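Here is a short tour for a reader meeting this structure for the first time. Please keep the sequence and the 3D view at hand.

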Amino acid sequence: MYMRCAYFEGDVNPADRERFDGFMATEIMPWLAKMPRVRAVRLLRGREFEDNASRFYQTIEQDYDSLDDIRNAHASEVRTALRAKLSEIMPLFEGRLSHINHEIAAAPLER
């Protein structure tokens, strides 16, 4: 199993947060759910930062079965449309957006 993460390192002006957060939840997340072969999509918002942590305003996680699935999804027309949609709101974000494809090496404990 693999997870692709988009890290939004930086911040949004407090006056723009409601607009930015709402757009991400209602406009961007549905597009991410349309990505070919995506298993799950989550939007995480950083709220407390400890031990000199980098300020990640938000992180988007997408689960896939394989690296090939990630590559195919991100070469799709859905991603092209998603990037165009994201460009509408990114001027409100001050910082840097980066992506990492992670291999999930251990599963969480089940209780």
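The report below goes through the sheet, a helix, the cores, one strand residue and one loop.

## The sheet

This is a predicted model. Its open sheet is built from 4 strands, in the order β2-β3-β1-β4. The pairing is antiparallel. In general, strands of a sheet pair through backbone hydrogen bonds, either parallel or antiparallel. At the edges lie β2 (40–45) and β4 (93–103), and each of these pairs on one side only. From one strand to the next, the twist averages 15 degrees.

Look next at β1 and β3. They pair in the antiparallel sense over 8 bridges. One pair to find is Y2 with Y64: Y64 is the bridge partner of Y2 in β3.

## Helix α1

Helix α1 lies across β1, β2, β3 and β4. Relative to β2, α1 runs at about 170 degrees. The helix has 17 residues. From its first C-alpha to its last, α1 reaches 23 Å, close to the 24 Å expected at 1.5 Å a residue.

Where is the kink in α1 centred? The centre is M24, and the kink is about 35 degrees. M24 is also among the buried residues of α1, together with F20, D21, F23, I28, M29 and L32. The cover over these buried residues includes β1, β2, β3, α3 and β4.

## The nonpolar cores

As a general point, nonpolar side chains in soluble globular proteins tend to be buried together. Here, the largest nonpolar core has 16 residues. F8, F20, M24, I28 and I89 have the most contacts inside it. Two or more residues each come from β1 (2–12), α1 (17–33), β3 and α3 (77–86). Which element gives the largest share of this core? That is α1, with 6 residues.

M24 shows how these parts meet. Leaving aside residues up to four places away in sequence, M24 touches F8, M29, L43, Q58, I60, L86 and I89. Another core lies apart from the largest one. This other core has 7 residues, among them M35, V38, I70 and V78.

## D63 in strand β3

D63 sits in strand β3, which covers residues 56–64. Is D63 buried or exposed? D63 counts as buried because its relative accessibility is 9%, and the cut-off for buried is under 20%.

What does D63 touch, not counting residues up to four places away in sequence? Its contacts are M1, Y2, M3, R37, V38, R39, A40 and R42. Two names here have come up before. Y2 is the residue whose bridge partner in β3 is Y64, and V38 is in the 7-residue core.

## The loop between β2 and β3

Two residues of this loop deserve a look: D51 and N52. In general, most residues other than glycine have a negative phi. D51 is not a glycine, yet its phi is positive, at about 55 degrees. N52 also has a positive phi, near 60 degrees, and is a residue other than glycine.

Are these residues buried or exposed? D51 counts as exposed because its relative accessibility is 74%. N52 is exposed too, with a relative accessible area of 83%. The cut-off for exposed is over 50%.

Technical notes
Residues are numbered from 1 along each chain as its sequence is written. This is a predicted model: local features need pLDDT of at least 70, side-chain atom pairs count only at pLDDT 80 or more; totals for chains, interfaces and linings use all residues. Side-chain values use heavy atoms; hydrogens and water are left out. Buried means under 20% relative accessible area, exposed over 50%, partly exposed in between (1.4 Å probe, protein chains only). Contact means heavy atoms within 4.5 Å. A nonpolar core is a set of buried Ala, Val, Leu, Ile, Met, Phe, Trp, Tyr and Cys residues joined through side-chain atoms within 4.5 Å. Two strands pair if DSSP finds at least two bridges between them. Axes are lines fitted to C-alpha atoms, for helices over the stretch in contact, and angles run from 0 to 180 degrees between N-to-C directions. The expected span of a helix is 1.5 Å times one less than its number of residues. The bend at a residue is the angle between axes fitted to the seven residues ending there and the seven starting there.
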